[in-house]
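Dear colleague,

I am handing over the structure below, and after it I set out what was found there. Please read the notes with the coordinates open beside you.

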Amino acid sequence: MSAGDSDSGVRLGEVLTAIALAADLGLGQPLDHVLRSCVVATRIADHIGAAPEDRDATYWTTLFMAAGCTGSSYELSQLFGDDIAFRSDISWITPTPINMLRFMLGRAGSNRGPLARTKVRFDLLRTKLSALEQSLVAHCHVSARLAERVGLGERVTTSLLQTFARWDGKGLPRGLSGEEIMLPIRITNVANVVTAYAHERGVDASAECVKLFSGTEFDPRLCEMWTSTAHELLTGMDEESVWERVVADQPAGRRSLTESQLDEALELIADYADLKSPWFTGHSRGVSSLAVAAAQAAGLSDPDIVTLKRAALVHDIGRNGVPNSIWDKPGPLTEDEMERVRLHAYYTDRVLHRASRLSLLGSVASSAHERSNGSGYPRAISGATIPLLGRFLEAADSYHAMLEDRPHRVALTRDAAAKELRRGVYAGEFDGAAVDAVLAAAGHAPRRKPAAPAGLTPREIEVLALASRGSTTRAVAHKLGISPKTVGNHLERIYTKIGVSTRAEAAMFAMQHGLLPDWETGGS
């Protein structure tokens, strides 16, 4: 099964907006903050007459500038507790050395007991904030490596490595100052701050705030320009879709992604999501690989397998909206903390739907934590209400997670994980056919009793249920999002497997074997 190198119709900017939206979650900023900053940054570049290569690099730099926060979340949380609250609050601190030091010492060790908190503060002072500096360096390098992987060029990667450079040379890299700092990151940093102020406190506040940064943090000429043009450059920002504006502004010269390039871009999202905590490293790729193998074993169609593969890659992008003080907690979670965990699947759905072209993956990707008996999240849907591909994803995700260490438990053995997954089937949590396929793909011996009568696959059961109730081939195709020809092929195989030749006989078989949704089961 290969998507091939045909044109996917999806542009790189459309995929990267998903990372930008997820970065908003990690920053504690309103959704669309990074996208709004991208629009503002490109308008600043156009206004000052930046060279085309600088203007293009400004666009990509702004989209990626906040991405690195995920890579430093674990370390930041070790120092300051809730990493999201820390980033959100520090963005409003007047940037004087004493203000910043007071803020950081006030937050240091905030999720620890009194003695441990004192030790964290002492270590920060003793090492001159070296742990924080390492966290910022990690942020820069993660952003740069992500941009490098999609071929954005040296100008962009170098700019991202200078994310925390200051005009006065007191930032990182140390001693880098003034016009030695790449123009794209100078513009990006101004745009990031003024966008936040304009959105939260008004345009005039954004013009006033840059005076606090001028000549220290930021290029004074850019600050002066903003104070005189803020209203002009923000005109129309609330009157159009910021997502559409960002996609329309993508620099020329890049064709739509091929299908294989789209897969690589979605793998980038998978790796980005898994950087949130060391406990998750490699999880999304592993789940995707297992889900694909299970779908192949179950006889799903190639288009279904491609969709499942891609949805599995991006299913945890919403993790960025939950602080590491929760993800990395060694003990049991409180009910409030568990509620925040449940939100990550909702965030995944919203990020993918906001990213438009990826919205088709959203309903499957956000189903990873649903359960057939309605006990899952975020929507608590059940049975056939959960998309077929989502049932494969939830089984693959659960099994793979059980094989991984977590802060509150060690990894289960393969046999123990298989036993737990089958227990979930008996408890009504998982689709039996999906679990059988996942465990078969993982190398476990099949159950003696087949998961479905006559060897019907999950997709064939869906087609049979709809056809049994009189749906036409075209109606079944529309309902399941597949072609009428594919439905016809399914029906031909179904009739052969169950030994019938008419719809009425097929309906009798479906009723006899309990394959039709009803009020009690809600599905298969």
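A cavity here is a set of grid points where a 1.4 Å probe fits but cannot get out, and a residue counts as lining when it has an atom within 4 Å of such a point. Please keep in mind that this is a predicted model.

With a threshold of 30 Å³ or more, the count comes to two cavities. The largest cavity holds about 50 Å³ of space, and its lining is made up of Ala165, Arg166, Trp167, Ile181, Arg186, Asn189, Glu217, Phe218 and Asp219. Sorted by class, those lining residues are four nonpolar, one polar and four charged.

The second largest cavity, with a volume of about 30 Å³, is bordered by His33, Val34, Ser37, Thr62, Met65, Ala66 and Asn192. Helix α2 (residues 33-47) supplies the largest share of this lining, namely three residues, and the lining as a whole has three nonpolar, four polar and no charged residues.

Helix α2 also packs against helix α12 (residues 220-233), at an angle of about 110 degrees and with the axes 11 Å apart. Because angles of 65 to 115 degrees are counted as roughly perpendicular, α2 and α12 are described in that way, and the crossing of α2 past α12 is right-handed. On the α2 side the contact involves Val40, Arg43, Ile44 and His47, which meet Leu222, Met225, Trp226, Thr229, Glu232 and Leu233 of α12. By class, the residues of this contact divide into six nonpolar, two polar and two charged.

With best regards

Terms used
Residues are numbered from 1 along each chain as its sequence is written. This is a predicted model: local features need pLDDT of at least 70, side-chain atom pairs count only at pLDDT 80 or more; totals for chains, interfaces and linings use all residues. Side-chain values use heavy atoms; hydrogens and water are left out. On a 1 Å grid over the protein atoms alone, a cavity is a set of points where a 1.4 Å probe fits but cannot get out, and a pocket is an open set with protein on both sides within 12 Å along at least five of seven lines; lining residues have an atom within 4 Å of a point. Grid points are joined across faces, edges and corners, and a volume is the space filled by probe spheres set on the points. Ala, Val, Leu, Ile, Met, Phe, Trp, Tyr, Cys and Pro count as nonpolar, Asp, Glu, Lys and Arg as charged, and the others, Gly among them, as polar. Helices (H or I, at least four residues) and strands (E, at least two) are DSSP runs, numbered from the N terminus. Axes are lines fitted to C-alpha atoms, for helices over the stretch in contact, and angles run from 0 to 180 degrees between N-to-C directions. Angles under 35 degrees count as roughly parallel, over 145 as roughly antiparallel, 65 to 115 as roughly perpendicular and the rest as oblique. A crossing is left-handed if the near helix is turned anticlockwise from the far one by less than a right angle, and right-handed if clockwise. Contact means heavy atoms within 4.5 Å.
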